[in-house]
Amino acid sequence: LNDLEIQKFLLLLRAIYEIGSDEQLAKVMHLECFHIYPLDIYRLLQFAYKQKQPLWDVIETQSYKETIELTNEKAIQTLVKQLSDWKVRSENARFDDLFVNVLHESCLLETILKKEHVREHLDHVTALFEDIRFQLSRNRTFSLKDFLTYVDSLALHHLPINSKGRDISEDAVRLMTAHKSKGQEFDTVFIINAYDTHWSNIREKGSPFHIPWDFLTVSIANED
């Protein structure tokens, strides 16, 4: 939950749930994936304040048109329409489907793919999605509202996402069991507590572990 890109996505989901909230709308308008000019946001907020109108009403009715000129009006109108469409979808579709749709249609995923630490961000998104699927397996009516309540509870108690996500950087050493490593085809493997005829407690089970001599020869040669 501390990942900045995850926080942006959670902000967007909260704006969908709290549709009509000027505070949430203003926050979402600043997300880079929507390409809204910051001064346009400021101008709309100032206009709404002076006219004593909700920001949502100002944008939907386009009452600002005769007073201010926006740099990218289309991007603002597109965002408002998307939020409305996603709100309807949130009430009529499974939450995991909504999750995927919003992630793609908002271009947030496209933005994440351009980030420097893209693998790390994608792992966090995957972990979040896996947790949502887990929650749905326990409760098929698990909704956007339930998810936001769940996330707030995790944040309050400083708990991590309940997932088997692969939070591993590319230059890290992966500590895995023999079963987990099967089929991974790693270039280099270190077997902990292994020497000829003995691997962990296998010896006690009557199944000796033999290290091939050519393996030892290659290993020693490489060390030289």
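Buried means under 20% relative accessible area, exposed means over 50%, and partly exposed lies in between (1.4 Å probe, protein chains only). The model is predicted, so local features need pLDDT of at least 70 and side-chain atom pairs count only at pLDDT 80 or more, whereas totals for chains, interfaces and linings use all residues. Residues are numbered from 1 along each chain as its sequence is written, and side-chain values use heavy atoms, with hydrogens and water left out.

**Exercise 1. Determine which salt bridges Asp 96 forms and whether Asp 96 is buried or exposed.**

Step 1. The criterion is a side-chain nitrogen of Lys or Arg within 4 Å of a carboxyl oxygen of Asp or Glu.

Step 2. Asp 96 meets Arg 94 at 2.8 Å, N to O. A salt bridge also joins Asp 96 to Arg 133, at 3.4 Å, N to O.

Step 3. Asp 96 belongs to helix α6 and Arg 133 to helix α8, so this pair ties together parts 37 residues apart in sequence. Helices are DSSP runs (H or I, at least four residues), numbered from the N terminus.

Step 4. Asp 96 has 4% relative accessibility and therefore counts as buried. Arg 94, at 32%, is partly exposed, and so is Arg 133, at 42%.

Step 5. In the whole structure, the search yields 15 salt bridges. Elsewhere, a network of salt bridges links Glu 5, Lys 8, Glu 32 and Lys 115.

**Exercise 2. Describe how Phe 9, Phe 99 and Phe 129 are linked into a cluster.**

Step 1. Rings of Phe, Tyr and Trp (its six-membered ring) pair if their centres lie within 6.5 Å; planes under 30 degrees apart count as stacked, over 60 as edge-to-face and the rest as tilted. Four aromatic pairs are found in the whole structure.

Step 2. For Phe 9 and Phe 99 the ring centres are 4.8 Å apart and the planes stand at 90 degrees, so the pair is edge-to-face. Phe 9 lies in helix α1 (residues 4–17) and Phe 99 in helix α6 (residues 95–105), so parts 90 residues apart in sequence are tied together.

Step 3. Both rings belong to buried residues: Phe 9 has 3% relative accessibility, and Phe 99 has a relative accessible area of 1%.

Step 4. Phe 99 also pairs with Phe 129, in a tilted arrangement with 5.4 Å centre to centre and 40 degrees between the planes. This pair links helix α6 to helix α8 (residues 118–138), across 30 residues. Phe 129 is partly exposed at 21%.

Step 5. The ring pairs thus link Phe 9, Phe 99 and Phe 129 into a cluster.

**Exercise 3. Explain why Cys 33 and Cys 107 form no disulfide.**

Step 1. A disulfide requires a pair of cysteine sulfur atoms within 2.5 Å.

Step 2. The cysteine sulfur closest to that of Cys 33 is in Cys 107, at 7.1 Å, which is too far for a bond. The count of disulfides is zero.

Step 3. Cys 33 is buried at 4% relative accessibility, while Cys 107 is partly exposed at 30%.

**Exercise 4. Characterise the surroundings of Ser 90.**

Step 1. Ser 90 lies in helix α5 (residues 73–90) and is buried, at 11% relative accessibility.

Step 2. A polar atom of the Ser 90 side chain lies 2.5 Å from the backbone oxygen of Lys 87.

Step 3. Leaving aside residues up to four places away in sequence, Ser 90 touches Leu 98 and Leu 144 (contact means heavy atoms within 4.5 Å).

Step 4. Lys 87 is itself buried, at 17%, and its side chain forms a salt bridge with Glu 91 (3.5 Å, N to O). Glu 91 is exposed, with a relative accessible area of 55%.

Notes:
Helices (H or I, at least four residues) and strands (E, at least two) are DSSP runs, numbered from the N terminus. A polar contact is a pair of N or O atoms within 3.5 Å; within protein, one must be able to donate a hydrogen and the other to accept it, and residues adjacent in sequence count only if both atoms are side-chain atoms.
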